[in-house]
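Visitor: Before we begin, could you take me through this model slowly, and tell me for each term why it is used?

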Amino acid sequence: MIEIDNLTIRFGSGQRPVVRNVSLRIKRGTAFGLVGESGCGKSTVLRAISGLNPNYEGGIKLDGDMLGRQRDRQFFRRVQMVFQDPYGSLHPRKTIRSQLKEPLRNQGLATNSVDIDALLLAVGLDPSLTYRFPHQLSGGQRQRVAIARALVLNPAVLLLDEPTSALDVSVQAEILNLLEDLRKDRGLTYLLVSHDLAVVSHMCGRVAIMEAGEIVEEVDIERLRKGAVEHGYSRHLLDASRNYGKTH
Ligand SMILES: Nc1ncnc2c1ncn2[C@@H]1O[C@H](COP(=O)(O)OP(=O)(O)OP(=O)(O)O)[C@@H](O)[C@H]1O
């Protein structure tokens with residue numbers, strides 16, 4: 001579904017690239033994790049795929065088609081993004097209902113062409129929340145709204161940038177489970193970026209481990225769970241995650 005070849009990204013000419021020669025293949029209907037420490041370039045990869053940063057070298061294909069640097073409307077019908085901070089990504093003075101209709105307006109589609117109540121139910125929210133504003137919801141509810149908004153156009157791919165890192169630990173698993181159910185029900189393809197190996201292990205079938213702008217290793221989740229990683233940096237991340245798990 002997504003093919004990335006030799007993606008290299010630098011901020012400013014002559015600067016050392018922050019992403020170097022990243023190549024990935026993500027199969028349709030699967031969840032793929034991109035994991036690494038803060039600053040390693042994960043979000044930069046995601047932003048290039050999403051079209052937020054057109055200044056990249058290399059090729060990005062979606063379902064076999066090479067994407068141009070500028071993404072068109074059609075692209076956003078097929079690919080949507082969910083960000084870390086739902087409060088920041090929602091408009092503070094627009095009702096939930098209005099925000100859920102926005103992608104339809106942006107596409108020039110009739111705002112009654114999607115059943116908003118059904119969509120709210122699909123993300124585990126009561127349709128009675130529809131006329132509320134973001135500040136009247138909890139963090140978990142806001143992220144459910146952000147996920148609903150990403151689904152309004154019935155996309156094939158969700159790009160998920162640390163979708164649970166800003167949430168209380170108690171609601172993180174709920175959101176991950178929701179995302180997992182939605183992927184299965186709708187045949188979605190996910191690219192999930194996280195610094196947290198536990199999150200990636202929960203959600204993804206395959207994982208690429210990134211260090212300082214480069215992919216150092218790609219493994220199936222079974223191997224990751226068994227601890228059968230080869231690269232020293234992958235081992236370091238795994239050990240750090242296990243030690244964290246023991247103390248929390
Ligand atoms: N617009 C920008 N201009 C200049 N440098 C940038 C820009 N965006 C990101 N960077 C740099 O690129 C590097 C990678 O950042 P990126 O946000 O992709 O890392 P990350 O792995 O996603 O980490 P985090 O989880 O903390 O966001 C960092 O050194 C960052 O400072």
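**The ligand and its shell**

Guide: In this predicted model, the ligand is surrounded by F11, V18, G36, S38, G39, C40, G41, K42, S43, T44 and H195.

Visitor: What makes a residue near the ligand?

Guide: A residue is near the ligand if its C-beta atom, placed from the backbone, lies within 6 Å of it; F11 and H195 are among the residues of the shell.

Visitor: How do the residues of that shell divide by class?

Guide: Three are nonpolar, seven are polar and one is charged. Gly counts as polar in this scheme, and the shell includes G36, G39 and G41.

**The sheet of four strands**

Visitor: Which order do the strands of the four-stranded sheet have, and what is the sense of their pairing?

Guide: The order is β2-β1-β4-β5 in an open sheet, and the pairing is antiparallel.

Visitor: What makes β2 and β5 edge strands?

Guide: Each of them, β2 at residues 19-26 and β5 at residues 65-66, pairs on one side only.

Visitor: How do you know that β1 and β2 pair?

Guide: Two strands pair if DSSP finds at least two bridges between them, and β1, residues 2-9, is joined to β2 in the antiparallel sense over five bridges. Within this pair, I4 stands opposite L24 of β2, and E3 stands opposite R25 of β2. The pairing of β1 with β4 is likewise antiparallel and runs over five bridges, with T8 standing opposite E57 in β4.

Visitor: Where does helix α1 lie?

Guide: Helix α1, residues 42-50, lies across β1, β2 and β4 (57-62), and its direction makes about 115° with that of β1.

**The sheet of six strands**

Visitor: Why are β6 and β10 said to stand at the edges?

Guide: The sheet in question is open, with six strands in the order β6-β7-β8-β3-β9-β10 and mixed pairing. β6 (79-82) and β10 each have a single partner strand, so one side of each is left without a neighbour in the sheet. On average, neighbouring strands here are turned by 15° against each other, direction ignored.

Visitor: What makes the pairing in this sheet mixed?

Guide: Two of its pairs show both senses: β3 (residues 31-35) and β8 (residues 189-194) run parallel and are joined by five bridges, whereas β9 (residues 206-211) and β10 (residues 214-220) run antiparallel and are joined by six bridges. In the parallel pair, F32 stands opposite L191 of β8.

Visitor: Which helix packs on this sheet by touching β6 and β7?

Guide: That is helix α6, residues 139-151, which touches β6 and β7 (157-161), and whose direction makes about 170° with that of β6.

Visitor: How many residues lie between the strands in the hairpin of β9 and β10?

Guide: There are two residues between the strands, and A212 takes a positive phi near 45°. E211 has E214 in β10 as its bridge partner.

**Domains and the whole chain**

Visitor: Which domains does the assignment give?

Guide: The domain assignment gives domain 1, made of 1-30 + 53-70, and domain 2, made of 71-193. Their centres, taken over C-alpha atoms, are separated by 25 Å.

Visitor: How many residues of domain 1 are in contact with domain 2?

Guide: Nine residues of domain 1 are in contact with nine residues of domain 2. The side of domain 1 that touches domain 2 has five nonpolar, three polar and one charged residues.

Visitor: Why can the chain be set against a compact globule?

Guide: Because a compact globule with 248 residues would have a radius of gyration near 18 Å, the chain's value of 18 Å agrees with that expectation. The C-alpha trace spans about 50 × 45 × 30 Å along its principal axes, and the chain has 10 helices and 10 strands.

Methods:
Residues numbered from 1 in each chain as written. Predicted model: local features only at pLDDT ≥ 70, side-chain atom pairs only at ≥ 80, totals over all residues. Contact = placed C-beta atoms within 7 Å. Axes fitted to C-alpha atoms, helices over the stretch in contact; angles between N-to-C directions. Domains from an automatic or database assignment. Rg over C-alpha atoms; globule rule 2.2 N^0.38 Å.
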